[in-house]
Amino acid sequence: EFPDLDVSIRGAVSIARRLQDPLAELVKIDPKSIGVGQYQHDVSQLKLARGLDAVVEDCVNAVGVDVNTASVALLARISGLNTTLAQNIVAHRDENGAFKTRAALKKVSRLGEKTFEQAAGFLRVMTGDNPLDASAVHPEAYPLVQRIAAETDRDIRSLIGDASFLKRLDPKKFTDETFGLPTVTDILQELEKPGRDPRPEFKTAEFQDGVEDLKDLQLGMILEGVVTNVTNFGAFVDIGVHQDGLVHISALSEKFIKDPREAVKAGDVVKVKVMEVDIPRKRVGLSMRMSDTPGEKIDGARGARPGSSPRQNNAPRKETTAPAPANNAMASLFANAKQLKKR
């Protein structure tokens, strides 16, 4: 596609498409080319191809296809369709405009009743006349949904997606000779999650305006960031200043934890407080305990190991032969991080 564009532009288009609709872009690639293991060439290529194709078809049918935007490559993966029928659907769409209903698919050349019956539940009309055409409910089950809406005194459009209401319904009340309990249960579950995108909502950190460099940081600032790495001694968090800050294990939680992974994982969006900033060394000390005070030791009592206790105010200090360097606590933590990275 787009042979006249620079390869970098084509790559950007592909990445954007994968974000919008991963299946629509990935189905264009031979499954074997995605890479399925170092021994993929040592097994039967015919069986491997069949197995991979089956997985792709299962994924496409599980998510469904927007019949008004899908490519031939995507439509051809739908149960009951092949490349010829997929091309006919696209040709009919180009000639007559977008499909308004699922029933309009019967006008496509060579798409008969049996094929429609097999494929209709996987083909979605997202902005059509009937809201059920945008769901995974098969046209044969529309009368059941209409009966559910009538008996609950709800409009079908308001019923779709109202998970809390649908969960309270008793499927047994809507069974009959045509629709058994498993079918009714499946339909109620499908009505809970309309649309084609099964991915959970993607949440990103909102970096604070005006905080773009280490010099913009101030002690006590509360910022939002993303956990980029978790180690045995803490977690690194991107707060938007081109230098990840370190949250020591003792500052990850109000309670004692043995492993930082008990509190966070890579990709988590977290709120942190700026505890220390060392601009010459490009180091930032952070805490996820909002009650911590900047300048205090990172390994506070709340994060100390069981059996240990903070030094009493009247306890004698140990004499040292040389003054401790500035930001000693943070420096030692980053030194540990540096040693681990070398390993």
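Which residue in E4 is the bridge partner of Thr-231? Select Thr-231 and then Gly-234, since Gly-234 in E4 is the partner.

**Before you start**

This is a predicted model, in which local features need pLDDT of at least 70 and side-chain atom pairs count only at pLDDT 80 or more, while totals for chains, interfaces and linings use all residues. Residues are numbered from 1 along each chain as its sequence is written, and side-chain values use heavy atoms, with hydrogens and water left out.

**The whole chain**

With the whole chain on display, you are looking at 12 helices and seven strands, where helices (H or I, at least four residues) and strands (E, at least two) are DSSP runs numbered from the N terminus. Of the 343 residues in the chain, 36% are buried; buried stands for under 20% relative accessible area, exposed for over 50%, and partly exposed for what is in between, with a 1.4 Å probe and protein chains only. Among contacts (heavy atoms within 4.5 Å) between residues at least 6 apart in sequence, 53% join residues at least 24 apart.

**The barrel**

Select E3, E4, E5, E7 and E6 next, because strands pair here if DSSP finds at least two bridges between them, and these five strands form a closed barrel in the order E3-E4-E5-E7-E6, with mixed pairing. Neighbouring strands of this sheet are turned against each other by 50 degrees on average, direction ignored; the axes behind this angle are lines fitted to C-alpha atoms, for helices over the stretch in contact, and angles run from 0 to 180 degrees between N-to-C directions. Strands of a sheet pair through backbone hydrogen bonds, either parallel or antiparallel.

Begin with E3 (residues 222-231), which runs antiparallel to E4 and is joined to E4 by five bridges. The two strands form a hairpin with two residues between them. E3 also pairs with E6 in the antiparallel sense over five bridges, and on that side Ile-222 stands opposite Lys-273 in E6.

Move on to E4 (residues 234-238) and E5 (residues 245-248), which run antiparallel and are joined by four bridges; here Val-237 has Gly-245 in E5 as its bridge partner. In the loop between E4 and E5, select His-242, which has a positive phi of about 65 degrees although it is not a glycine, and which counts as exposed at 72% relative accessibility.

From E5, cross to E7, where the two strands run parallel and are joined by two bridges, and where Leu-246 stands opposite Gly-285. Strand E7 (residues 283-287) is mostly covered, with five of its five residues buried. Colour Arg-283, Gly-285 and Ser-287 to see the residues that point one way, and then Val-284 and Leu-286 for those that point the other way.

The circuit closes with E6 (residues 269-278), which pairs with E7 in the antiparallel sense over five bridges, and Lys-273 has Ser-287 in E7 as its bridge partner. E6 and E7 form a hairpin with four residues between them, and in the turn Lys-282 has a positive phi of about 55 degrees.

**The loop between E5 and E6**

Select Ser-250, which lies in this loop and is buried, with a relative accessible area of 2%. Its side chain makes a polar contact with the side chain of His-248 at 2.7 Å; a polar contact is a pair of N or O atoms within 3.5 Å where, within protein, one must be able to donate a hydrogen and the other to accept it, and residues adjacent in sequence count only if both atoms are side-chain atoms.

**Helix H6**

Now turn to helix H6 (residues 83-96), whose 14 residues reach 20 Å from the first C-alpha to the last, close to the 20 Å expected at 1.5 Å a residue; the expected span is 1.5 Å times one less than the number of residues. Leu-85, Ala-86, Ile-89, Val-90, His-92 and Arg-93 are buried in H6. Seen down the helix axis, the buried residues fall within an arc of 160 degrees, so they line one face of H6, the arc being that of the directions from the helix axis to the C-beta atoms. What covers these residues includes helix H5 (72-75) and helix H7 (113-119), whereas Asp-94 and Glu-95, on the other side of H6, are exposed.

At the start of H6, a side-chain oxygen of Asn-82 reaches to within 3.2 Å of the backbone nitrogen of Thr-84. Just after H6, Gly-97 takes a positive phi of about 90 degrees.
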